[in-house]
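Q: I have a model open and would like to learn how to read its features one by one. Where should we begin?

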Amino acid sequence: MDRRIGQMKADLHVHTMFSKDGRTTMEELLEYAERAGIGCVAVTDHNEFRAYDLLKDNGRIIIIPAEEVSSAEGHILALGIDRLIPRDLSIQETIDRIHEAGGYAFAAHPYRWWSGLGEENTLQYPFDGIEARNGRSVPAANRRSERLARRVGKPMTAGSDAHTPRHIGEGYVEVPDDLKTWQEVVQYIMENEAPIVCSHSRHAKETLKYGFKSITQWILRGFKRM
């Protein structure tokens with residue numbers, strides 16, 4: 001297990017089979033997280049919240065209740081929520097709903113051309129933080145996301161954005177390993193600059209393949225965001 005003494009890896013962007021484009025079962029999430037030395041996972045299914053109830057009492061990995069919400073203008077990560085946040089609302093209303101649910105709103109991969117909010121929206125709205133590293137974003141987009149987070153002084157997260165088991169752990173933040181609950185992990189991230197790590201980024205060939213797939217799926221969905 002690749003884990004430093006005194007540190008716990010928290011992958012804050014993972015999808016399961018409850019995302020329309022996800023394949024990971026509940027057992028696979030736990031198994032592959034343990035293989036990668038991940039001690040905490042935020043389950044951020046697209047506009048879904050069912051996985052949390054199935055995973056929360058697993059006794060192996062800390063699970064943060066979360067969601068990747070499709071706002072009207074791009075994806076927003078909701079961390080620490082207690083209910084499903086509806087999709088297709090305005091950015092401000094999505095942020096408000098996340099706060100009402102006891103959570104924090106993070107701009108997800110803001111520079112991703114297909115589903116990111118973009119720099120202007122990220123700066124304009126009162127996000128609690130910014131996803132600075134994402135395992136499925138291109139390296140340049142990740143660098144820009146981190147610079148943007150540092151520029152505005154917002155908390156940063158990192159995650160693999162894994163849609164299949166083998167990618168779990170390719171992005172994470174490091175937090176003290178004496179944190180025992182998801183509430184403690186989220187509080188630490190909000191109050192401290194947790195080191196961010198991303199061992200994988202999407203490169204040219206993967207980007208072209210992803211773009212073609214995304215456009216095809218977008219058309220099949222009737223031009224509706226994931």
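**Cavities, core and loops**

A: Begin with an enclosed space: the second largest cavity has a volume of about 30 Å³. Keep in mind that this is a predicted model.

Q: Which residues line the second largest cavity?

A: A lining is read as a list of residues around the enclosed space. Here the list is V43, D45, E48, F49, R50, A51, Y52 and A66. Helix α2, residues 50–55, contributes the most to this lining, with three residues.

Q: How do the residues of that lining divide by class?

A: Five are nonpolar and three are charged, with no polar residues in the lining of the second largest cavity.

Q: How many cavities of 30 Å³ or more does the structure hold?

A: The structure holds two of them. The largest cavity has a volume of about 40 Å³. The elements giving two or more residues to its lining are β6 (129–134) and α5 (139–152). Of the elements, β6 gives the most, with four residues.

Q: Which residues line the largest cavity, and what is their make-up by class?

A: The lining consists of H109, P110, Y111, R112, E131, A132, R133, N134, S137, A141, N142 and S145. By class, the lining of the largest cavity comes to four nonpolar, five polar and three charged residues.

Q: Now the overall fold. What is the secondary structure of the protein?

A: An overview counts the elements, then asks how they pack. The protein has seven helices and nine strands. Of its 226 residues, 55% count as buried.

Q: What part of the contacts between residues at least 6 apart in sequence joins residues at least 24 apart?

A: That share is 63% in the protein.

Q: Which residues have the most contacts inside the largest nonpolar core?

A: A core is read by its size and by its best-connected members. The largest nonpolar core has 61 residues, and L29, V41, F127 and V173 have the most contacts inside it. Take F127 as a case: leaving out residues up to four places away in sequence, F127 touches I76, I91, I95, A105, F106, A107, L117, N121, T122 and K154.

Q: Turning to the loops, is T24 buried or exposed?

A: For a loop residue, read the position first, then the accessibility, then the contacts. T24 lies in the loop between β1 (7–14) and α1 (26–35). T24 counts as buried because its relative accessibility is 0%, where the cut-off is under 20%. Beyond residues up to four places away in sequence, T24 touches H15, T16, M17, L29, H163, T164, P165 and I168. One of these contacts, L29, is also among the residues with the most contacts inside the largest nonpolar core.

Q: Where is S160 found, and what does its side chain reach?

A: S160 is in the loop between β7 and β8. The side chain of S160 reaches the backbone nitrogen of A162 at 3.1 Å. S160 has a relative accessibility of 1%, so it counts as buried. Apart from neighbours within four places in sequence, S160 is in contact with D11, H13, V14, N134, G135, R136, H167, I168, G169, E170 and G171. Among these contacts is N134, a residue that also lines the largest cavity.

Q: What is the reading for S90, which lies in a loop?

A: S90 sits between β4 (74–79) and α3 (91–100). S90 is classed as partly exposed because its relative accessible area is 36%. A polar atom of the S90 side chain lies 3.1 Å from the backbone nitrogen of E93. Not counting residues up to four places away in sequence, S90 touches S71 and A72. S90 and S70 are 20 residues apart in sequence and 9.5 Å apart in space, C-alpha to C-alpha.

Q: A last feature is the backbone torsion. What is the phi of N47, and what is the phi of D161?

A: A sign of phi is read together with the residue type. N47 has a positive phi of about 50°, although N47 is not a glycine. N47 is found in the loop between β2 (38–43) and α2, and is buried, with a relative accessible area of 15%. D161, also not a glycine, has a positive phi of about 60°. D161 lies in the loop between β7 (156–159) and β8 (171–176), and counts as buried at 1% relative accessibility.

How values were computed: Residues are numbered from 1 along each chain as its sequence is written. This is a predicted model: local features need pLDDT of at least 70, side-chain atom pairs count only at pLDDT 80 or more; totals for chains, interfaces and linings use all residues. Side-chain values use heavy atoms; hydrogens and water are left out. A nonpolar core is a set of buried Ala, Val, Leu, Ile, Met, Phe, Trp, Tyr and Cys residues joined through side-chain atoms within 4.5 Å. Buried means under 20% relative accessible area, exposed over 50%, partly exposed in between (1.4 Å probe, protein chains only). Contact means heavy atoms within 4.5 Å. On a 1 Å grid over the protein atoms alone, a cavity is a set of points where a 1.4 Å probe fits but cannot get out, and a pocket is an open set with protein on both sides within 12 Å along at least five of seven lines; lining residues have an atom within 4 Å of a point. Grid points are joined across faces, edges and corners, and a volume is the space filled by probe spheres set on the points. Ala, Val, Leu, Ile, Met, Phe, Trp, Tyr, Cys and Pro count as nonpolar, Asp, Glu, Lys and Arg as charged, and the others, Gly among them, as polar. A polar contact is a pair of N or O atoms within 3.5 Å; within protein, one must be able to donate a hydrogen and the other to accept it, and residues adjacent in sequence count only if both atoms are side-chain atoms.
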